[in-house]
Amino acid sequence: MTSRLDWIQQELDGLKEAGLYNHIRTLSSPQGAWLVVDGKRVLNFCSNNYLGLANDPRMVDAARKIVDKYGVGPAAVRSIAGTMDLHLELERRMAKFKGVEAAISLQSGFCANLATVPVLVGKEDVIFSDELNHASIIDGSRLSGAKIIRFAHANPADLEAQINAAKGSYRRALAITDGVFSMDGDVAPLDKIYEVTSKHDVMLMVDDAHGEGVLGAGGRGIVDHFHLHGKVDVEIGTLSKAFGVVGGVVAGSPLIVEWLQQRGRPFLFSSAATPPDVAACIAAIDILEGSTELVDRLWENTRYFKAEMKNLGFDTGHSTTPITPIMLGEAPLAHEFSRELYNEGIFAMALGFPTVPRGKARIRVMISAAHSRDDLDKGLEIFARVGRKLSVIH
Ligand SMILES: *Cc1c(COP(=O)(O)O)cnc(C)c1O
């Protein structure tokens, strides 16, 4: 008997044949430098837990205390009965941390992009979008109905050419770029991009998901990194990566925040973040404002690991952040490398086409402040062994 859903099985089989099927591993331990993955204890080079906050006792404590006080669920959207004083405190604290006038929090970074792009532009408008922007920017852009014009990756000159070519064809224009690109670990040239957008009176939005808690003084993000305070119109951030919890944030002018409260659909139609999530995020800001120790250790670990990998003869691409690609070429080699690492006790992701271009397959190592020097040395030793075995290095 055939069913109306048989096509799904065919699609899934197709993915498996093409080697594109996602095999999802299961953790049975907290986040940290070491994980139990599918029952095996492994060194973790996969998570976005840049500062090790996901299981920090201070964060756990803050969440636990607020659960006793406010319970676990919001039970409403923000615009009806879901806004607690806690949400407003997070937003005030976040704005202060980032040196912006106002901020609004959402349920995730993904939601923040889906909320923000459609309130800024519509059918009569255009979006200039870096060709490597994150899926949530692409989806938010599509939802807005605006015309999407891609510009060459991290290329302000091409952005300007695209703006000039589109002149006169739109009402409003918005340029959007990731801050840190998650596949290569490169940073958008936001200062140069700002020169172009301000010259042409185009609104500028940056998605700092991998820069929040990582770039800038004490992890204040990409705008701080480039000293562009007050110049970038909208900063999207996530509380799910370096902040170690879950949630999204939109930072900038109070006008944008007020407009999102009126028109941002994930704000209006999806329930508020839970009290323990919000309390833990506030605790993360306390930690970051209290000391730069974790951010400093993250960068120290990053410099050490990259330098040692280069000494071993690996090609670590052009990353300037803790995201460390190990360039391997073809996807089957990257997958084999990842399997060998896992057998030796390292959890590191292989990325191949279509996630990255053909011939640019890699292992992506995510460095964290949670890694000790011993952890990194252990990782380097195993990388060297697997690299020699698979003739990637000599
Ligand atoms: C991870 C990521 C997001 C999504 O953030 P979540 O909080 O996990 O939903 C959005 N944008 C970029 C650039 C990201 O890397």
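**Sheet architecture and the environment of Glu235**

In this predicted model, seven strands form an open sheet with mixed pairing, in the order β3-β9-β8-β7-β6-β4-β5. The edge strands, each pairing on one side only, are β3 (102–106) and β5 (147–151). From one strand to the next, the twist averages 20 degrees. Strands are DSSP runs (E, at least two residues), as are helices (H or I, at least four), numbered from the N terminus; two strands pair if DSSP finds at least two bridges between them. Residues are numbered from 1 along each chain as its sequence is written. Local features need pLDDT of at least 70, side-chain atom pairs count only at pLDDT 80 or more, totals for chains, interfaces and linings use all residues, and side-chain values use heavy atoms, with hydrogens and water left out.

Strands β8 (residues 234–238) and β9 (residues 248–252) run antiparallel and are joined by 5 bridges. Within this pair, Thr238 stands opposite Gly248 in β9. Helix α5 (residues 109–120) packs on the sheet and touches β3, β4 (126–130), β6 (173–178), β7 (203–207), β8 and β9. The direction of α5 makes about 160 degrees with that of β8 (axes are lines fitted to C-alpha atoms, for helices over the stretch in contact, and angles run from 0 to 180 degrees between N-to-C directions).

Strand β8 contains Glu235, which counts as buried because its relative accessibility is 3% (buried means under 20% relative accessible area, with a 1.4 Å probe and protein chains only). Leaving aside neighbours within four places in sequence, Glu235 is in contact (heavy atoms within 4.5 Å) with residues including Lys98, Val206, Asp208 and Val250. The Glu235 side chain makes a polar contact with the side chain of Lys98 at 3.0 Å. A polar contact is a pair of N or O atoms within 3.5 Å; within protein, one must be able to donate a hydrogen and the other to accept it, and residues adjacent in sequence count only if both atoms are side-chain atoms.

Methods
Buried < 20%, exposed > 50% of the residue type's maximum accessible area, 1.4 Å probe, protein only.
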